[in-house]
Amino acid sequence: MFDNLSDKLDKAFHILKGHGKITDVNVADTLKEVRRALLDADVNFKIAKDFTTRVKEKALGENVLTTLQPGQLMIKIVKDELTELMGGDVAGVNLSGTPSVILMSGLQGSGKTTFSGKLANYLKTKKGKKPLLVACDIYRPAAINQLIVVGGQIGVEVYSEPENKNPVEIAQNAIKHAKANGFNVVIVDTAGRLAVDEQMMKEIADVHKAIQPQETLFVVDAMTGQDAVNTAKAFNDRLNFDGVILTKLDGDTRGGAAISIKSVVNKPIKFIGTGEKMEAIDVFYPSRMADRILGMGDVVSLVERAQEQYDEEEARKLQKKIAKNEFGFDDFLSQIQQIKKMGNMKDLVGMIPGAGKALKDVEIEDDAFKHIEAIIQSMTKEERSKPSVIDMKRKTRIAKGSGVKIEQVNQLMKQFEQMSKMMKMMQGGGGKKMMQMMQG
Ligand code: GDP
């Protein structure tokens, strides 16, 4: 996410770091580079210009030239301004109605249907809601089916009327159905088209007027850059929506949309989509996003994701096993599966301060654990629970079975041993023993 922009901003700050003396000239040069970086990331010209003007004023106000660490101060000013530009505070979704009605708008292909599913899943699993999904696309039967498939994946009911060609009626009937059946959130997925056109706008405006949603969300593909901002403007002029959903931020997005949208339509970005899976949804935190853009990582999100996956019951069982020396490869495998649930590896690495930059050119496989899983899956039950039985002959068989080299099996065995030792130490006597060991 935002690799290019992060890289260029980093270079801009190097102008300050590289020189012993800070002068008006290198501050001006830095700002010029910051502006260029924003423009390259597809940020609108005026926004980029205003941005650097504000940063300059602040920098002069805080006397960047005379501080001991002008580079650091400059980064902080840029970070604060970026946060402000992207919305300042985090914006929630209004769930006040009974049921709360959420209307989705956006072009075809923006990720509306996928996001409707993600949001339903999020509200169900994280907020304890009982959502109903509504298919209001009267043009493409495939769109209705797609929503039904999504609903099936997450265990959420989908309301549709395949024969009805009146989206207003469908939406109204769906709300009645929700009231009668105890659904407290209704998410209405509407028909989009490939480009903004009057018929689509009229249709969604009619639905909007008829159902008076608590929340109207506009979904846009972040990869479309400047176009995302223009489309947002067209929809906002018509619907006066409440918030923006930026999808496909997992790809090679240049980031311009995330940075520009708030200041053009003056509506907050509420969520981002970072993948095709139902779990790939994140609340949008302007400040954390600014950290990421500046290559400062996002530890808060990383820890939160870890906590979400943390299962206390599992952890207790694991502790017992470690204490009894029963930690085996099956437990190792389930640990890996927990990590995998946290998201894709590239995304996670990007949240570690500094790591994103350091590992920028290292190819990180989407499924970095593929080989490890294959090796463990090629082991017998006995081998998994009692790794000490694995001799050379067995290693050769395991390597063959999992399609890896024997060195990779050796490496995994070693890693496993180290990990078991370390865990054992954390248990008994805690950190003290570990410190002793580290000090030799
Ligand atoms: P709709 O026409 O607006 O309903 O768009 P869809 O929900 O059908 O999404 C269009 C395509 O984008 C599908 O192939 C989705 O899997 C994909 N997609 C949606 N959201 C994301 C996302 O956050 N990241 C990625 N990589 N793909 C996405």
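**Checking the labels on a predicted model**

User: What makes Gln212 count as exposed?

Analyst: Gln212 has 11 C-beta neighbours inside 10 Å. A residue is exposed with 12 or fewer other C-beta atoms within 10 Å of its own, buried with 20 or more and partly exposed in between, C-beta atoms being placed from the backbone. Gln212 therefore counts as exposed. This is a predicted model, where local features need pLDDT of at least 70 and side-chain atom pairs pLDDT 80 or more, while totals for chains, interfaces and linings use all residues. Residue numbers start from 1 along each chain as its sequence is written.

User: Where does Gln212 lie, and what is its phi?

Analyst: Gln212 belongs to the loop between helix 8 (198–211) and strand 5 (215–221). Its phi is positive, about 45 degrees, although Gln212 is not a glycine. Helices (H or I, at least four residues) and strands (E, at least two) are DSSP runs, numbered from the N terminus.

User: Is Asp42 buried or exposed?

Analyst: Asp42 is buried, because 22 other C-beta atoms lie within 10 Å. Asp42 sits in the loop between helix 2 and helix 3, and has a positive phi near 80 degrees, again without being a glycine. Across the protein, buried residues make up 40% of the 440 residues.

User: Why is helix 2 called roughly antiparallel to helix 3?

Analyst: Helix 2 (residues 24–40) and helix 3 (residues 45–61) pack at about 150 degrees, with axes 9 Å apart. That angle makes the two helices roughly antiparallel, since the label applies over 145 degrees (under 35 is roughly parallel, 65 to 115 roughly perpendicular, the rest oblique). Axes are fitted to C-alpha atoms over the stretch in contact, and angles run from 0 to 180 degrees between N-to-C directions.

User: Which residues of helix 2 meet helix 3?

Analyst: Val27, Leu31, Val34, Arg35, Leu38 and Leu39 do, and their partners in helix 3 include Phe45, Phe51 and Val55. Contact here means C-beta atoms, placed from the backbone, within 7 Å. The residues of this contact divide into 10 nonpolar, 1 polar and 3 charged. Ala, Val, Leu, Ile, Met, Phe, Trp, Tyr, Cys and Pro count as nonpolar, Asp, Glu, Lys and Arg as charged, and the others, Gly among them, as polar.

User: How many residues around the ligand fall into each of those classes?

Analyst: The shell has 1 nonpolar, 14 polar and 4 charged residues. Helix 5 (residues 112–127) gives the most to the shell, with 3 residues.

User: Which peptide bond is cis?

Analyst: The bond from Thr98 to Pro99 is, with omega near -5 degrees. Pro99 is in the loop between helix 4 (70–85) and strand 1 (100–106).

Key. Two residues are in contact if their C-beta atoms, placed from the backbone, lie within 7 Å.
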